[in-house]
Amino acid sequence: MENYNIEMAQGNLGRIIALRLTPGTDVLLGLQEACRRAGINNGVILSGIGSLNGVQFCNPVELPTKAGYGYGETLHLTGPIELTSAAGIICHDDEGNTNLHVHVGLSDRHGNAHGGHLVEGTKVLLTVDVVIAEIEGVVMGRKFNEELGVPLFAPRQAE
């Protein structure tokens, strides 16, 4: 029988916020600001679509770290890019600082698909439309894992 090592907590979806990021807005910073304004640091991105004026993202690569892997150098795509999907979790550290972990699906002007971990510097072209749900009953923590040497999602039951 397999051994499953699972960290989990259970809760419910609470408030829903819908937002539009306008042209020129940094997508990641705009999402962080929306979460700050709404007071959400335990949540999930339910949907995200739109258009981008270039994009900056990264993907996992082999690294000489404890984990053996980590995010590589930032990848850049220029020109108009279709944001076909955005998904992610809204966490926070032990000090309460909001921490977003967002992945994106992308399509360039030739229909080529790309995707990865969104980083700062990606700007809205026409619009980015996002729906975020607050999670109740779960502490969406993110902690540095000493064994692997990387920060990881650490959900726990709210008290």
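Which strand has the lowest mean pLDDT among the elements of the chain, and which the highest? I started my notebook there, since this is a predicted model. Strand E4, residues 69–71, comes out lowest with a mean of 74. Strand E8, residues 124–136, is at the other end with 98. For the chain as a whole I noted a mean pLDDT of 92, with 97% of the residues at 70 or more.

Next I looked up the nonpolar cores. The largest one holds 28 residues, and Leu31, Leu106 and Ile132 have the most contacts inside it. I then listed elements that supply at least two residues each: strands E1 (12–21), E2 (43–58), E5 (75–92), E6 (98–107) and E8, plus helix H1 (27–38). H1 is the top contributor, giving six residues.

I wanted a closer look at one of these residues, so to speak, and picked leucine 106. Leaving aside residues up to four places away in sequence, leucine 106 touches nonpolar and other neighbours, among them Leu52, Val55, Phe57, Leu77, Ile81 and Leu83. Glu82, Thr84, Asn112 and His114 are also on its contact list.

There is a second core as well, separate from the big one, with seven residues. Val44, Ala133, Val138 and Met140 belong to this second core.

My last entry is on a hairpin. Strand E9 (138–145) runs antiparallel to strand E10 (150–157), and eight bridges join the two. I checked one pair: valine 139 in E9 has arginine 156 in E10 as its bridge partner. Four residues lie between the strands, and in that turn glycine 149 shows a positive phi of about 80 degrees.

Key
Residues are numbered from 1 along each chain as its sequence is written. This is a predicted model: local features need pLDDT of at least 70, side-chain atom pairs count only at pLDDT 80 or more; totals for chains, interfaces and linings use all residues. Side-chain values use heavy atoms; hydrogens and water are left out. Two strands pair if DSSP finds at least two bridges between them. pLDDT is the predictor's confidence in each residue, from 0 to 100. A nonpolar core is a set of buried Ala, Val, Leu, Ile, Met, Phe, Trp, Tyr and Cys residues joined through side-chain atoms within 4.5 Å. Buried means under 20% relative accessible area, exposed over 50%, partly exposed in between (1.4 Å probe, protein chains only). Contact means heavy atoms within 4.5 Å.
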